[in-house]
Structure formats: structure tokens, C-alpha cells
Amino acid sequence: MRVTILLAIFIGIAVETHSLPLPIGWLSDYANVLDRHGRERISALIEGVKNQFEIEIYILASWEAPYAEIDRYAYALLDSWNLAHGKTVLVVFLKTGTDWEVKVLAGEKTVATHPQLARNVEEGITDLVDYHRIEEAMVDLFAVLERQLSPIAPSPQPAVKKQGSRVLPVLLLILSLGLLAFFIHRRICPRCGRILWVHKSKAFGPHGGDNVVYYCRRCGYSRTKRGEG
């Protein structure tokens, strides 16, 4: 009796192990979700993550599973494919009837450095899977991985305003504009815009001084400032 029970358990384990699909490299598309270009694209993305972050991504798309629950199926694959202890991520897309499901699991070394990675990736692509957009979900999972794995850049520190260095140019500009306005008022003819000529003459009277005449040779305009000089 005891031998019979042990034999039955052994046979059951053997059947379950045999029914698990074998990995076809990093991408195992048993459900034929991708065409040739799609497989090349996903394979390139997988290799990019491996080169940049040293994490191996394994993807399975399947229509058949020996287990009723995708969670149990994914954990069985993680162990059967020897991914449980490495720096790995396993993504399982499973079609049951007309519905698709996704499960993402991470190996121990990945969990040690990124404990929430698998859950965040799964949550990031679940909506696409629910709408049966599996190829798009495969592509998008790498965008989620990129956001999760890339270091967060420090916020730029606000630049310290150098008030002193800004005040001086403003003052010089104001002074220049003032001198220009003074020159225009004094030496530019209001009629034709030409530069006024200057003539000084001795003023009559007890106080002396010079009369300064500003005149325009072009239009004949003149203006006298009395008692200057």
C-alpha cells in the first residue's frame, strides 16, 4: 500500500514536470503572439536590459498550463527553469479560454536589490493584458523596467541669485539711456533730426557769461541758452 502511494506521487510529479514547457532561450512564444519582427524586437529589448542592468528577463506566452492558477504555474516555471535564485525576472502570459493573464516573478538576487520590481512591472502591464494587447504589453514591460531600475536623478538645486552682479548692469543701462536722452534733447534737431551745431557769443550785461546757440544748418532751427559758460 505504501509503495503504491509513493509510486502515485512520483508519477504525478513526473507528469507535472514533463508537462511544463521548456524555455526557448529568453523568449518562449508558444502562443505565437509575435511574428518574426516582433520576436527580434523583444529579444533585443531583453538583451538591452541584460547589458545595462545585468538582469535576465525570461518571457513565456502560452495557451496551455498544467495548473488551474497562473500563480502556481509561474512559480513552477521559476523553479523548473532554474530562475529562482538568480538575478532574473520571469514574465508569464497565459491564455485561458478567451482571457489572458500575466504573472511576473523575480529571482532571489533581483528581489534583494529591487524588492518591488516584479509587482510594479505586473501592475504596469495588467491593463494591456486585460485588453488582449499582449505584444504591446511585452514591449511596455521594458519601459516599466527602465523606470524601476534607472537611478532617480537628484533634483536640480535652485541657482542662487547674485543680486549684486545683476544690479550693476541695470544701473549702467539706465545711465546710458539717460545720457542718450540728454544728448538727443541738447544736440538733435527736433525738426529734421540732424545734429545741431553750437555757437557761443559774449552776452551783454553786468553778469557777463556766454550765450550758447544751438542751430541746424539744414532746416534753420535754432535755440539759445543764455548766460552759459
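This passage describes the nonpolar cores of a predicted model and one helix, H2, that contributes to the largest of them.

A good place to begin is the interior. In soluble globular proteins, nonpolar side chains tend to be buried together. Here the largest nonpolar core has 32 residues, and the members touching the most others are Ile 57, Ile 59, Phe 93, Leu 141 and Phe 142. Two or more residues each come from helix H2 (36-53), strands S2 (56-62), S3 (88-96) and S4 (99-106), and helices H5 (117-130) and H6 (134-149). H6 supplies the largest share, with 8 residues. Ile 59 offers a handy view of the packing: beyond its neighbours within four places in sequence, it is in contact with residues including Trp 26, Leu 27, Ile 42, Ile 46, Phe 93, Leu 141 and Phe 142. Another core, of 17 residues, lies apart from this one and includes Tyr 58, Tyr 67, Leu 90 and Val 92.

Helix H2 is worth following from end to end. Its 18 residues reach 26 Å from the first C-alpha to the last, close to the 26 Å expected at 1.5 Å a residue. Gly 38, Ile 42, Ile 46, Val 49 and Phe 53 of H2 are buried. These residues lie on the same side of H2 because they cover an arc of only 70° around the axis. Their cover includes strand S1 (27-29), S2 and H6, whereas the face turned away from the buried side carries the exposed His 37 and Asn 51.

The two ends of H2 complete the picture. At its start, a side-chain oxygen of Asp 35 comes within 3.2 Å of the backbone nitrogen of His 37. After the helix comes Glu 54, with a positive phi near 60°.

Definitions and conventions: Residues numbered from 1 in each chain as written. Predicted model: local features only at pLDDT ≥ 70, side-chain atom pairs only at ≥ 80, totals over all residues. Heavy atoms only, no water. Core = buried A, V, L, I, M, F, W, Y, C linked by side-chain atoms within 4.5 Å. Buried < 20%, exposed > 50% of the residue type's maximum accessible area, 1.4 Å probe, protein only. Helix = DSSP H or I, 4+ residues; strand = E, 2+ residues; numbered from the N terminus. Contact = heavy atoms within 4.5 Å. Expected span 1.5 Å × (residues − 1). Arc of directions from axis to C-beta. Polar contact = N/O pair within 3.5 Å; in protein donor to acceptor, adjacent residues only side chain to side chain.
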